[in-house]
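Subject: Handover of a structure and notes on its fold

Dear colleague,

Please find below the structure that I am handing over to you. My notes follow it, and I would ask you to read them with the coordinates open.

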Amino acid sequence: MPILENNKLYAIRPRHANENNRNSVLAVRNASLDRNQDLCLYRWTGGDEQRWYAIDKGNETYKFIAKHSGQCMEVYTRNNDTGAIIVQYPEQDNDTAQLMKLEPAGGIYYYIRPQNSRLYVSVKDQSLDDGAAVNQWSLTSVTNQVFEFVKV
């Protein structure tokens, strides 16, 4: 059974925001339509730049497509390095930088692991600030790397 319902919209909320009573989610910065626009943490406003279609690719792997732009969540330039930012980019068939494996992190939470790098999506420096960067990092098991998917 898939973790998320195929082609349904989700807000992606980091656990550290929940634990600090912040209703913050992953968003495309400034609701930009530009390719390679970075993702950030931002308080929930209900905007389409905060809503992600989950496209089931099998084996607990998904593509996440921003509702406002139709572009996929991706590791910038398919970078394998720790600290590489997460961006939106037009969908590419079989692009492993756009394939995100969900790994259980306890209860309703999951790690998001880009398949090109084997690192984990993280909110940089455990920040709770609006506009905080989203990057990939080695697994630390800190709650800025753990996400809840809320159907919206």
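The notes below go from the whole chain to its strands, and then to individual residues.

Please bear in mind throughout that this is a predicted model.

Overall fold

The protein chain contains one helix and 12 strands. Along the sequence, these elements follow the pattern β-α-β-β-β-β-β-β-β-β-β-β-β. The C-alpha atoms occupy a box of roughly 40 × 30 × 30 Å along the principal axes. A compact globule of 152 residues would be expected to have a radius of gyration near 15 Å, and the 13 Å of the protein chain agrees with this. Buried residues account for 51% of the 152 residues. The accessible surface comes to about 7000 Å², and carbon and sulfur atoms contribute 41% of it. Of the contacts between residues at least 6 apart in sequence, 56% join residues at least 24 apart.

The open sheet

Four strands make up an open sheet in the order S2-S3-S11-S10, with antiparallel pairing. Strands S2 and S10 (120–123) stand at the edges with a single partner strand each, so one side of each has no neighbour in the sheet. On average, neighbouring strands of this sheet are turned by 40 degrees against each other, direction ignored.

Within this sheet, S2 and S3 (residues 39–43) pair in the antiparallel sense over five bridges. Two of the partnerships can be followed by residue: Ser24 has Arg43 in S3 as its bridge partner, and Val28 has Leu39.

How is an edge strand such as S2 covered by the rest of the structure? Five of the five residues of S2 (residues 24–28) are buried, so this strand is largely enclosed by the rest of the structure. The place of S2 at the edge of the sheet concerns its strand partners, whereas the burial count concerns accessible area.

Strand S1 and its partners

S1 is mostly covered, with six of its seven residues buried. Strand S1 (residues 8–14) pairs with S12 in the antiparallel sense over five bridges. In this pairing Ile12 has Phe149 as its bridge partner, and Arg13 stands opposite Glu148. S1 also runs antiparallel to S4 (residues 52–56), to which three bridges join it. There, the bridge partner of Leu9 is Tyr53.

S12 has a further antiparallel partner in S9 (residues 109–114), through two bridges. In that pairing Tyr110 is matched with Phe147.

The nonpolar core

In soluble globular proteins, nonpolar side chains tend to be buried together. The largest nonpolar core here has 27 residues, and Ile12, Trp52, Phe64, Met73 and Phe149 touch the most other members. S5 supplies the largest share of this core, three residues.

Ile12 illustrates how distant parts of the sequence meet. Leaving aside residues up to four places away in sequence, Ile12 touches Val25, Leu26, Trp52, Phe64, Met73, Ile112, Phe147, Glu148 and Phe149. Its bridge partner Phe149 is thus also listed among its contacts.

Two residues to inspect

The first is Phe147, which is found in strand S12 (residues 147–151). At 0% relative accessibility, Phe147 counts as buried, since the limit for that class is under 20%. Which residues does Phe147 touch, not counting those up to four places away in sequence? They are Ile12, Arg13, Pro14, Leu26, Ile108, Tyr109, Tyr110, Ile112, Val121 and Val123. Among these is Tyr110, the bridge partner noted above. Phe147 and Asn18 are 129 residues apart in sequence, yet their C-alpha atoms are 9.5 Å apart in space.

The second is Gln71, in the loop between strand S5 (61–66) and strand S6 (72–75). Is this loop residue buried or exposed? Gln71 has 7% relative accessibility and therefore counts as buried. With the same exclusion of residues up to four places away, Gln71 touches Leu33, Asp34, Arg35, Trp52, Phe64, Ile65, Ala66, Gln88, Tyr89 and Pro90. Two of these contacts, Trp52 and Phe64, are also listed among the core residues that touch the most other members.

With kind regards

Key:
Residues numbered from 1 in each chain as written. Predicted model: local features only at pLDDT ≥ 70, side-chain atom pairs only at ≥ 80, totals over all residues. Heavy atoms only, no water. Buried < 20%, exposed > 50% of the residue type's maximum accessible area, 1.4 Å probe, protein only. Pairing = 2+ DSSP bridges. Contact = heavy atoms within 4.5 Å. Core = buried A, V, L, I, M, F, W, Y, C linked by side-chain atoms within 4.5 Å. Axes fitted to C-alpha atoms, helices over the stretch in contact; angles between N-to-C directions. Rg over C-alpha atoms; globule rule 2.2 N^0.38 Å. Areas by Shrake-Rupley, 256 points an atom, 1.4 Å probe, with all protein chains shown as cover.
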